[in-house]
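Let's take a walk through this model together. We'll begin with the ligand and the place it occupies, then move out to a few spots in the protein around it.

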Amino acid sequence: SKREGFATVPDVTWSDIGALKAVRKQLQAAIVEPIQNPQRYRDFGITAPAGVLLWGPPGCGKTLLAKAAAAESKANFISVNGPELLNKYVGESERAVRQVFSRARSSIPCVIFFDEMDALAPHRSNEVSEATSRVVNTLLSELDGLNDRNGIYVIAATNFPDMIDSAMLRPGRLEIPLYVPLPSPEARVSILRTVLSKMPIDPNLASFARADKCKNFSGADLTRLVRNAAQQALDRRSAAVEEEDFVMAAKEIPPSVGDMTRYEK
Ligand code: ATP
């Protein structure tokens, strides 16, 4: 989006997210509560938990969760895409990283979201360029600078957690790993119901998502399914979207997470 890198309060709430109840609860405890009640932590002489790493297959709600955590905290949200930052600021990526944290400091309370963190913070090995290593070091020192975190929280997301430099995952840094799974059949129904609830489509049709035709569908695939089903209904000049439209639409959608073993630890 054109607001990439700038602070805004997102308009996503927990109620826009289907399923993922356990992850929502953990984000509530790790991000929302500390932002809303910083005094409670100070009273007990402890710091709020540090950063969170959302990991799992693509299209399953990581970005949505991060936005909702910020919005539910009434905090500002700065979104940074790893590969984009590296490409856009070739030779100046460290400065761009520092600028992100400095923007956050002038927008507290603030959640910084790093998408595709594996690109921004890969293992510092021989294969990685000197410039990339410097970016990782800069990120580490900025994260450590948040130790007295006055209202700045970091959420990072990745499909490949094993590719991230292990120093990033130590206590005080991205210390809370939260797995965001491909939805189960029941979770698919809950996601479809959530999507349909915002549209003039019968929410009872959500049970279609339990069917084998939706096997391995991600949240993103289910969103596409709804759009395609509506298009089917339009094409046949029906007054309403019906189950047969979902049947037709599902045939045209190959699950985007093909080989799930790529995303297992
Ligand atoms: P990536 O790893 O590709 O960045 P992601 O996990 O961040 O993916 P999102 O961008 O959050 O995925 O999800 C993509 C879209 O799929 C969302 O904008 C939303 O429309 C839909 N979606 C995914 N998961 C859910 C969910 N649990 N409830 C409702 N909608 C969902």
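A pocket here is an open set of grid points with protein on both sides within 12 Å along at least five of seven lines, and a molecule sits in one if more than half of its atoms lie within 2 Å of the pocket's grid points. Keep in mind that you're looking at a predicted model. With that settled, where does the ligand sit? It sits in the largest pocket.

So who's around it? The ligand is surrounded by 17 residues, and the closest are G18, G59, K62, T63 and L64. Two helices stand out as contributors: helix 3 (62-72) and helix 9 (219-235) each supply at least two residues of that shell.

Now zoom in on some polar atoms. A polar backbone atom of G18 comes within 2.9 Å of a nitrogen atom of the ligand. K62 offers a polar backbone atom as well, at 2.9 Å from an oxygen atom of the ligand. Then there's A220, with a backbone N or O atom 3.3 Å from a ligand oxygen. As for the ligand's surface, on its own it has 630 Å² of accessible area, and the protein covers 77% of that.

Let's follow helix 3 away from the ligand. Its buried residues are K62, L65, A66, A68, A69, A70 and A71. What do they pack against? On the helical side there's helix 1 (21-36). The rest of the list is strands: strand 1 (52-55), strand 2 (76-81), strand 3 (110-115) and strand 4 (152-158). Just past the end of helix 3, look for K74, which takes a positive phi of about 55 degrees.

Next, hop over to helix 9 and find Q232. Is Q232 buried or exposed? Its relative accessible area is 16%, so Q232 counts as buried, the cut-off being under 20%. Setting aside residues up to four places away in sequence, Q232 touches D245, M248, A249 and E252.

Our last stop is L196, in helix 8 (residues 185-196). Why does L196 count as buried? Because its relative accessibility is 0%. Leaving out neighbours within four places in sequence, L196 is in contact with I201, D202, P203, L205, A206, V226 and F246. Take V226 from that list: L196 and V226 are 30 residues apart along the chain, yet 7.8 Å separates their C-alpha atoms.

Methods
Residues are numbered from 1 along each chain as its sequence is written. This is a predicted model: local features need pLDDT of at least 70, side-chain atom pairs count only at pLDDT 80 or more; totals for chains, interfaces and linings use all residues. Side-chain values use heavy atoms; hydrogens and water are left out. Helices (H or I, at least four residues) and strands (E, at least two) are DSSP runs, numbered from the N terminus. Buried means under 20% relative accessible area, exposed over 50%, partly exposed in between (1.4 Å probe, protein chains only). Contact means heavy atoms within 4.5 Å. A residue is near a molecule or strand if one of its heavy atoms lies within 4 Å of it. A polar contact is a pair of N or O atoms within 3.5 Å; within protein, one must be able to donate a hydrogen and the other to accept it, and residues adjacent in sequence count only if both atoms are side-chain atoms. Accessible areas come from the Shrake-Rupley method with a 1.4 Å probe; for residues, only the protein chains shown count as cover. On a 1 Å grid over the protein atoms alone, a cavity is a set of points where a 1.4 Å probe fits but cannot get out, and a pocket is an open set with protein on both sides within 12 Å along at least five of seven lines; lining residues have an atom within 4 Å of a point.
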